[in-house]
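Work through the exercises below with the sequence and the 3D view open. Try each task before you read its solution.

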Amino acid sequence: MALNQDLYDAILNGDAKKAHAVTQAAIVAGVQPMALIQESMVPAMEEVGRLFECEEYFVPELLLAGRAMKGALELLKPLLVAAGQKMAVRVVIGTVKGDLHDIGKNIVASMLEGGGFEVIDLGTDVSPQAFVAAVEQRNPHVVCMSALLTVTMPAMKLTIDALQTAGLRTQVKVLIGGAPVTSQYAKEIGADGYSENAGGAVTLVKTLMGA
Ligand code: B12
């Protein structure tokens, strides 16, 4: 589909204006939001990552691509949400302390909303204490944590420990994800689940909640 290729190129080139316009055109043409995310946006960001790794792209290019991706995702969010049916399951999500990567976390949040869950997004650089406060105040069923840096992965364990110390660990299921995270790591730190992508996150929450 030509529009999908255009969206891929627009994100890769960090062209937010074009990414917005192409996404809008794709919506009008009836392209499924999930197809745009899975077939254009995520592969484009993967390619951005590859170019960064081989030093063809640098931080400014990452920022531009990230911005283009975010703008396009904002357009799709209401459609994902409209597609789902609200369920009485509340999810708190955030990127862990020290970590500012939020593109994948935002996709997971949007897809969970699209799956019919109520999502409370705490943003990025979320401390263990902030996760604990959100669980105390918002009473979620699930806590989702995202990390993209190997150095911030330990903050996931610190957050689980903080929930334990606060006596809240048994009240919530904890799911983790992000490029460097593995199911082995999830087991090691006592999380309830891991998925390598946003679609899997929705399935996991549904399974854990018996929905
Ligand atoms: C875009 C990007 C940035 C942007 C972020 C913009 C933003 N708003 O997010 C900016 C420029 C800010 C940035 C900064 C940095 N970055 Co950066 N960045 C990336 C890049 C290229 C893409 C990440 C991305 O968005 N991927 C696309 C999304 C869709 O994928 P995803 O995040 O993995 O999410 C999917 C799954 O993982 C999963 N998932 C994600 N979260 C969750 C949560 C749950 C609960 C579940 C179930 C699933 C799940 O579902 C998502 C959708 O399918 C990666 C390279 C890469 N290949 O990952 C480097 C990368 C992550 N960055 C890296 C680095 C080093 C940095 C910096 C330190 C660079 C610097 N020198 O300043 C800083 C750190 C800033 C900080 N404190 O966080 C390294 C990390 C190395 C490491 N192993 O630790 C990477 C791997 C690049 C590299 N190879 O060197 N970065």
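The exercises start at the ligand and then turn to single residues of this predicted model.

**Exercise 1. The metal**

Task: Find which protein atom is a donor to the cobalt atom of the ligand, and place its residue in the fold.

Solution.
- Step 1: Start at the cobalt atom. A donor must lie within 2.8 Å of the metal.
- Step 2: NE2 of H101 passes this test, at 2.3 Å. The protein gives the cobalt a single donor, and this is it.
- Step 3: Now locate H101. It belongs to the loop that runs between β1 (90-95) and α5 (103-114).

**Exercise 2. The shell**

Task: Describe the surroundings of the ligand: how many residues, of what kinds, and from which elements?

Solution.
- Step 1: Count the neighbours. The ligand is surrounded by 32 residues.
- Step 2: Pick out the closest. They are E53, L100, H101, D102 and S146.
- Step 3: Sort the shell by kind. It holds 18 nonpolar residues, 10 polar ones and four charged ones.
- Step 4: Trace the shell back to the fold. At least two residues each come from the helices α3 (33-53), α4 (59-83), α5 and α9 (198-208). The strands β3 (142-146) and β4 (173-177) also supply at least two each.
- Step 5: Place the ligand as a whole. It occupies the largest pocket.

**Exercise 3. Backbone atoms at the ligand**

Task: For L100, I103 and A198, give the distance from a polar backbone atom to an oxygen atom of the ligand.

Solution.
- Step 1: Take L100. A backbone N or O atom of this residue is 2.7 Å from a ligand oxygen.
- Step 2: Take A198. Its distance is 3.2 Å.
- Step 3: Take I103. Its distance is 3.4 Å.
- Step 4: Apply the limit. A polar contact needs N or O atoms within 3.5 Å. L100 meets it at 2.7 Å, A198 at 3.2 Å and I103 at 3.4 Å.

**Exercise 4. A charged neighbour**

Task: Is D102 buried or exposed, and which side chain does its own side chain contact?

Solution.
- Step 1: Find D102. It lies in the loop between β1 and α5.
- Step 2: Read its relative accessible area, 15%. The cut-off for buried is under 20%, so D102 is buried.
- Step 3: Look for a partner. The side chain of K70 makes a polar contact of 3.1 Å with that of D102.

**Exercise 5. Two strand residues**

Task: Compare the sequence and space separations of the pairs D121 with I93 and G193 with V119.

Solution.
- Step 1: Place D121. It is in strand β2 (residues 118-121). It counts as partly exposed because its relative accessibility is 35%.
- Step 2: Check its pair. D121 and I93 are 28 residues apart in sequence, yet their C-alpha atoms are 5.0 Å apart.
- Step 3: Place G193. It is in strand β5 (residues 193-194). It is buried because its relative accessibility is 8%.
- Step 4: Check its pair. G193 and V119 are 74 residues apart in sequence and 18 Å apart, C-alpha to C-alpha.

**Exercise 6. Positive phi**

Task: What is the phi of E55 and of D125, and where do these residues lie?

Solution.
- Step 1: Recall the background. Most residues other than glycine have a negative phi.
- Step 2: Examine E55. Its phi is positive, about 60 degrees. It sits in the loop between α3 and α4. E55 is exposed, at 59% relative accessible area.
- Step 3: Examine D125. Its phi is also positive, near 55 degrees. It sits in the loop between β2 and α6 (128-138). D125 is partly exposed, at 36% relative accessibility.

Conventions:
Residues numbered from 1 in each chain as written. Predicted model: local features only at pLDDT ≥ 70, side-chain atom pairs only at ≥ 80, totals over all residues. Heavy atoms only, no water. Donors = N, O, S within 2.8 Å, 3.2 Å for Na, K, Ca; no water. Helix = DSSP H or I, 4+ residues; strand = E, 2+ residues; numbered from the N terminus. Near = heavy atom within 4 Å. Polar contact = N/O pair within 3.5 Å; in protein donor to acceptor, adjacent residues only side chain to side chain. 1 Å grid on protein atoms, 1.4 Å probe; cavity = no way out; pocket = protein on both sides within 12 Å on 5 of 7 lines; lining within 4 Å. Sits in = over half its atoms within 2 Å of the grid points. Nonpolar A, V, L, I, M, F, W, Y, C, P; charged D, E, K, R; others polar. Buried < 20%, exposed > 50% of the residue type's maximum accessible area, 1.4 Å probe, protein only.
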